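Welcome! Work through these short exercises with the structure beside you, and compare your reasoning with each solution.

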Amino acid sequence: MPAGVYYSVPYCAIFVLPILLMDVPAAEGFVCAYTNSTPNNTMIFEDLPSMFGYQLLKEGLQGYLILAKPDNACEPIAPPPSNTTTHDFIVLIRRYDCNFDIKVLQAQRAGYKAAIVHNVDSDQLLSMRSTNEEIRHQITIPSVFIGARASHFLASLFTYDKDAYIVLMPDFNFPLGYYLIPFTGVVGIVIIVMITVMIVKCVQYRRRIRMSRLSKEQLKKIPVQKFNKGDGYEVCAICLDEYEEGDRLRILPC
């Protein structure tokens, strides 16, 4: 489905495993929007989590949507309503004029639990990154990026003053590639190490066998005689085979 396209469902039930690595490319998530009026209206919009701040938990984050004032959040913004302490608030911020991390930090300082940054005149989803390490370490709230069309519907239908609420949900797809590739790499290294050890052991074994054998010069010094019936030895002490007349025997010094 194209980025930013919305669709309606009777309810939103999406689960995800926690993202363990902060610097890997984020998987797409969803903004689930609901109205409490009758008949209730439900819509879902695609988003892309930022590469900084806390990641969403598998149960998601529910809150009431407030439009940022000023809308670009490049300076301190108005805080959420103070007449309630039982609800969390999420702020909707316009893109441009300053870096993403500054916008999200302003939202955090104002008291919002999460920030949604939306594109302008485009439904393309962008991966928000921090350009300042000091600001990055200060940000503790999650943030996501949505398209312009999704922001239009959220702002017109699902804000706090319209008796609506939203739920930020991570994607349910497990990022298998990010764990499978390192796993196969480790297995490959283990196999290479095992093969190397086996080769070294084999070479060492053959060297020991070669060193335990007599050289050609040493073999020539051992006396050799032909077997004649009546000699004191008629059977080989090693292979237990009987000697035949005329066999050449090497007499070992033992």
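**Exercise 1.** Find what share of the contacts between residues at least 6 apart in sequence join residues at least 24 apart.

*Solution.* Start with the term: a contact means heavy atoms within 4.5 Å. Then take the contacts in the protein between residues at least 6 apart in sequence: 72% of them join residues at least 24 apart. Keep in mind that this is a predicted model, where local features need pLDDT of at least 70, side-chain atom pairs count only at pLDDT 80 or more, and totals for chains, interfaces and linings use all residues. Residues are numbered from 1 along each chain as its sequence is written, and side-chain values use heavy atoms, with hydrogens and water left out.

**Exercise 2.** Work out which helix or strand gives the most to the largest nonpolar core.

*Solution.* A nonpolar core is a set of buried (under 20% relative accessible area, 1.4 Å probe, protein chains only) Ala, Val, Leu, Ile, Met, Phe, Trp, Tyr and Cys residues joined through side-chain atoms within 4.5 Å. The largest has 32 residues, and Ile77, Val91, Ile93, Ala107, Tyr112 and Phe145 touch the most other members. Next, look at the suppliers of at least two residues each, including strand 3 (42-49), strand 5 (89-94) and helix 1 (100-110); helices (H or I, at least four residues) and strands (E, at least two) are DSSP runs, numbered from the N terminus. Helix 1 gives the most, with 5 residues.

**Exercise 3.** List residues that Tyr112 contacts beyond its neighbours within four places in sequence.

*Solution.* Among them are Ile66, Ile77, Pro79, Phe89, Val91 and Ala107. Finally, a second, separate core of 20 residues includes Ile146, Ala150, Phe153 and Ala164.

Technical notes
Buried means under 20% relative accessible area, exposed over 50%, partly exposed in between (1.4 Å probe, protein chains only).
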